[in-house]
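This report goes through selected local features of the structure shown below. Individual residues come before the helices, a pocket and the overall figures.

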Amino acid sequence: NFSIGFYEKLLPGAVTKKGVLRIPNENFKLEKLKDNALKYDYLDTQKLQNISKNFKNIEGYFYENAAIAEPLPICKKLLEGCDIYIKDIKKLDYNNGLYEIGEIKTKNIILAQGASNPLVNLPYMKILPVFGLRIDVKTTTRIPFNIHKSISISANKHDGTVAIGATHEKHDVSQFECSTTCDKCIFYIDTEEEQTRKLLSQAEELINLENTEVVKTYKGARATIKSFFPAIGKIINFESSVKKYPSIKKGARVSPDLLEYYPNLYIINALGSRGFVFGPYLAKLLSENIMHETPIPDEISIQRLFYKMAREKQNQM
């Protein structure tokens with residue numbers, strides 16, 4: 001709710017709000033879609049084909065409050081009025097209460113590095129790059145709302161195109177260094193055509209797309225962690241905290257206020273394939289935490305990951 005409202009206020013023309021039809025699959029089983037607090041309408045095959053004869057023999061749950069957002073114009077809008085510096089930063093220097101990055105000096109730093117190699121080693125937050133592919137297609141088929149199963153199909157957007165996308169695979173960052181853009185990455189450079197065909201084939205299992213033409217392809221690595229939950233907050237110094245309070249390794253919950261932190265260093269990461277859903281809301285929570293010390297919900301806190309890692313290390317000894 002927060003994010004849709006945020007984008008509609010920021011740049012209404014970049015948001016297409018027509019709801020989403022969610023079809024049960026291995027990740028979102030029938031019970032998970034049916035038994036939740038969100039308002040929905042159940043649409044069986046007959047109801048869907050009454051809406052459009054192009055729907056295949058599918059059924060699902062329709063949630064009205066859902067939208068698709070156009071990333072590039074939104075990001076450009078968000079950057080208006082911001083000072084942007086393109087720098088290859090290898091380390092952070094902290095002197096006399098300030099971080100120094102060349103001629104730039106600042107009190108606070110927020111690391112929002114996505115799947116890039118981290119500037120600060122966080123043993124409790126191992127980032128896994130998750131590759132995704134999206135294509136924009138022209139089609140004469142009218143799609144009344146967004147559709148999601150193992151892939152996502154958008155309703156017809158303002159420019160008339162339809163977006164089709166999916167998350168394909170994770171990579172273990174310990175096996176390689178992610179140091180280039182996805183369009184030049186050896187993992188993907190020869191597979192784009194095959195993956196595009198697969199997306200179109202999966203889309204055809206849900207709705208008949210007539211007179212299709214692929215007009216643009218996007219690919220990129222999104223950052224996630226093992227739990228698939230994002231994490232935000234002030235960065236804990238793992239080694240010094242465990243050394244100061246060794247009982248943590250045995251399950252003791254030392255108050256977060258007593259842990260050892262890097263000075264004024266924060267993180268927002270692991271948004272996975274839900275970056276545009278989580279991003280504005282997490283930014284709001286983190287800014288309130290930095291400015292007013294408003295607590296961060298435990299489910300997305302750095303502390304949760306820290307305590308779990310400390311206990312796991314003890315169990316491995």
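In this predicted model, the side chain of Asp136 is in polar contact with the side chain of Tyr218, at 3.3 Å. The side chains of Asp136 and Arg134 are likewise joined by a polar contact, of 3.1 Å. Asp136 belongs to strand 10, which covers residues 128-138. Is Asp136 buried or exposed? Its relative accessibility is 5%, so Asp136 counts as buried, the limit for that class being under 20%. Leaving out residues up to four places away in sequence, Asp136 touches Lys157, Thr161, Val162, Ala163, Glu213, Val214, Val215, Lys216 and Tyr218. Tyr218 thus appears both in this list and as a polar partner of the Asp136 side chain.

Asn264 is a second buried polar residue to look at, with a relative accessibility of 16%. Asn264 is part of strand 16. Apart from neighbours within four places in sequence, the residues in contact with Asn264 are Tyr94, Tyr99, Lys107, Asn108, Ile109 and Lys234.

Lys250 sits in the loop that runs between helix 6 (238-244) and strand 16. With a relative accessible area of 72%, Lys250 is exposed. How far apart in space are Lys250 and Gly160? Their C-alpha atoms are 58 Å apart, for a sequence separation of 90 residues.

**Backbone with positive phi**

Two asparagines in loops have a positive phi. For Asn96 the angle is about 50°, although this residue is not a glycine. Asn211, also not a glycine, has a positive phi of about 55°. Asn96 is in the loop between strand 6 (93-95) and strand 7 (98-101), and Asn211 is in the loop between helix 5 and strand 14 (213-224). Asn96 counts as exposed because its relative accessibility is 82%; for Asn211 the value is 61%, and this residue is exposed as well. A further positive phi, of about 60°, is taken by Glu293 just after helix 7.

**Helices 5 and 7**

The table gives the dimensions of these two helices.

| Helix | Residues | Length | First to last C-alpha | Expected span |
|---|---|---|---|---|
| Helix 5 | 192-204 | 13 residues | 18 Å | 18 Å |
| Helix 7 | 275-292 | 18 residues | 24 Å | 26 Å |

Helix 5 is close to its expected span at 1.5 Å a residue, and helix 7 is close to its own expected value.

Which residues of helix 5 are buried? They are Gln195, Thr196, Leu199, Gln202 and Ala203. Viewed down the axis of helix 5, these buried residues fall within an arc of 130°, so they line one face of the helix. On the face turned away from that buried side are the exposed residues Glu193 and Glu194.

In helix 7 the buried residues are Gly279, Pro280, Leu282, Leu285, Leu286 and Asn289. The cover over the buried residues of helix 7 includes helix 1 (2-10), strand 9 (109-111), strand 15 and strand 16. Strand 16 is also the strand that holds Asn264.

**The second largest pocket**

The second largest pocket has about 480 Å³ of space. Its lining consists of 17 residues, with Pro256, Asp257, Tyr261, Asn289 and Gln303 lying nearest the centre. Two or more lining residues come from each of strand 15 (231-236), strand 16 (261-269) and helix 7 (275-292). Which element gives the largest share of the lining? Strand 15 does, with 3 residues. Asn289 links this pocket to the helix described above: Asn289 is among the residues nearest the pocket centre and among the buried residues of helix 7.

**Overall figures**

The protein has 8 helices and 16 strands. Its C-alpha trace spans about 65 × 45 × 40 Å along the principal axes. Of its 317 residues, 38% count as buried. Among contacts with a separation of 6 or more, 75% are between residues 24 or more positions apart.

How values were computed: Residues numbered from 1 in each chain as written. Predicted model: local features only at pLDDT ≥ 70, side-chain atom pairs only at ≥ 80, totals over all residues. Heavy atoms only, no water. Helix = DSSP H or I, 4+ residues; strand = E, 2+ residues; numbered from the N terminus. Buried < 20%, exposed > 50% of the residue type's maximum accessible area, 1.4 Å probe, protein only. Polar contact = N/O pair within 3.5 Å; in protein donor to acceptor, adjacent residues only side chain to side chain. Contact = heavy atoms within 4.5 Å. Expected span 1.5 Å × (residues − 1). Arc of directions from axis to C-beta. 1 Å grid on protein atoms, 1.4 Å probe; cavity = no way out; pocket = protein on both sides within 12 Å on 5 of 7 lines; lining within 4 Å. Points joined across faces, edges and corners; volume = space filled by probe spheres on them.
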